[in-house]
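Subject: Handing over a structure

Hi there,

I am passing a structure on to you, since you have not met it before. Please open it alongside this email, and then read on for what turned up.

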Amino acid sequence: GTSSVRYYGKTITAPLKDLSGGSRPSPSGSNPDIGAIENSRAVRDVKAVTVKSDGSGDYATIQSAIDAISDADTVLVYPGTYQENINYNGKNIVLKSTDGPLTTILVPGNNSIPVVKIINGETASAFLSGFTIKDGGNVRGSGLRIYGSPTIENCIIKECDDAALATIHSSSEIRNCLIKSNAQEGLFIDVNDQSDGPKIINCTIVDNGNVGLTSSATNGIPEI
């Protein structure tokens with residue numbers, strides 16, 4: 001929408017409050033309503049932001065981009081090595097690399113917590129796509145820890161301690177991923193019941209120290 005117009009030589013700017021004192025626009029990020037009172041049913045446009053390690057994108061770190069966006073938005077990450085720990089914080093967003101996992105690498109800033117956490121009930125609308133995740137420390141799910149049902153695709157998880165990928169009471173879908181060369185388990189699954197468990201589709205789990213895949217209980221199984 002237009003935030004200001006010129007009228008007879010004067011610039012007229014849209015007010016930040018409506019006649020009832022409500023903030024404009026509402027919801028934040030949508031276009032201001034044409035009327036005097038903001039309508040909360042306005043729909044915010046989804047957006048995509050970029051992350052570049054050299055600082056030339058919208059953001060220089062992935063977490064700062066996640067913190068700035070909302071559900072249904074996309075973070076596009078350009079090639080580079082990003083040393084940080086990432087948390088989706090309950091947002092159903094798309095986080096994807098522009099060039100794939102061989103050139104877009106995530107390593108921990110703090111290896112006492114997972115490199116990537118998707119642990120706040122995110123749904124299948126939350127995507128993680130096209131990253132190498134490596135060098136996780138001695139914590140279960142050191143590369144990627146999931147407590148929700150996100151979609152993970154086209155990722156490489158390698159050279160982590162403990163279980164590289166852990167899903168906790170999760171119905172996530174993990175597809176076209178390579179989980180290799182980790183010190184202990186490649187994939188650890190903690191399930192609630194027979195209806196609970198992730199879908200593992202077209203993944204390779206190889207050369208991990210203890211076992212490729214293990215589960216904490218006998219009352220649920222993954223779908224492979």
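Below are some notes on the strands, the cysteines and two loop residues.

Before you start, please keep in mind that this is a predicted model.

Let me begin with the strands. Six of them form an open sheet in the order β6-β9-β12-β15-β18-β21, and the pairing is parallel. The edges are taken by β6 (86-87) and β21 (213-215); each has a single partner strand, so one side of each has no neighbour in the sheet. Within this order you will find β12 and β15 next to each other. Strand β12 covers residues 144-146 and β15 covers residues 165-168, and three bridges pair them in the parallel sense. If you would like a place to look, Ile 146 has Thr 167 in β15 as its bridge partner.

Another pair worth a visit is β5 with β8. Strand β5 (residues 80-83) runs parallel to strand β8 (residues 104-107), and four bridges join the two. One bridge partner to find in β8 is Thr 104, which goes with Gly 80. Side chains in a regular strand alternate between the two faces of the sheet. In β5, Gly 80 and Tyr 82 make up the covered face, while Thr 81 and Gln 83 make up the uncovered one.

Next, the cysteines. How many disulfides are there? The count comes to zero. Cys 177 is in no disulfide, and the nearest cysteine sulfur, that of Cys 203, is 4.7 Å away. A disulfide needs the two sulfur atoms within 2.5 Å, so this pair does not qualify. Cys 203 is likewise in no disulfide, with the sulfur of Cys 177 as its nearest cysteine sulfur. As for their surroundings, Cys 177 is buried at 4% relative accessible area, whereas Cys 203 is partly exposed at 22%.

Finally, two residues with a backbone angle to look at. Most residues other than glycine have a negative phi. Asn 154 is not a glycine, yet its phi is positive, at about 55°. You will find Asn 154 in the loop between β13 (151-153) and β14 (156-158), and it is partly exposed, with a relative accessible area of 35%. Ser 181, also not a glycine, has a positive phi of about 55°. The loop that holds Ser 181 lies between β17 (178-180) and β18 (187-190). With a relative accessible area of 34%, Ser 181 is partly exposed.

Happy exploring, and do write back with any questions.

Best wishes

Methods: Residues are numbered from 1 along each chain as its sequence is written. This is a predicted model: local features need pLDDT of at least 70, side-chain atom pairs count only at pLDDT 80 or more; totals for chains, interfaces and linings use all residues. Side-chain values use heavy atoms; hydrogens and water are left out. Two strands pair if DSSP finds at least two bridges between them. Buried means under 20% relative accessible area, exposed over 50%, partly exposed in between (1.4 Å probe, protein chains only).
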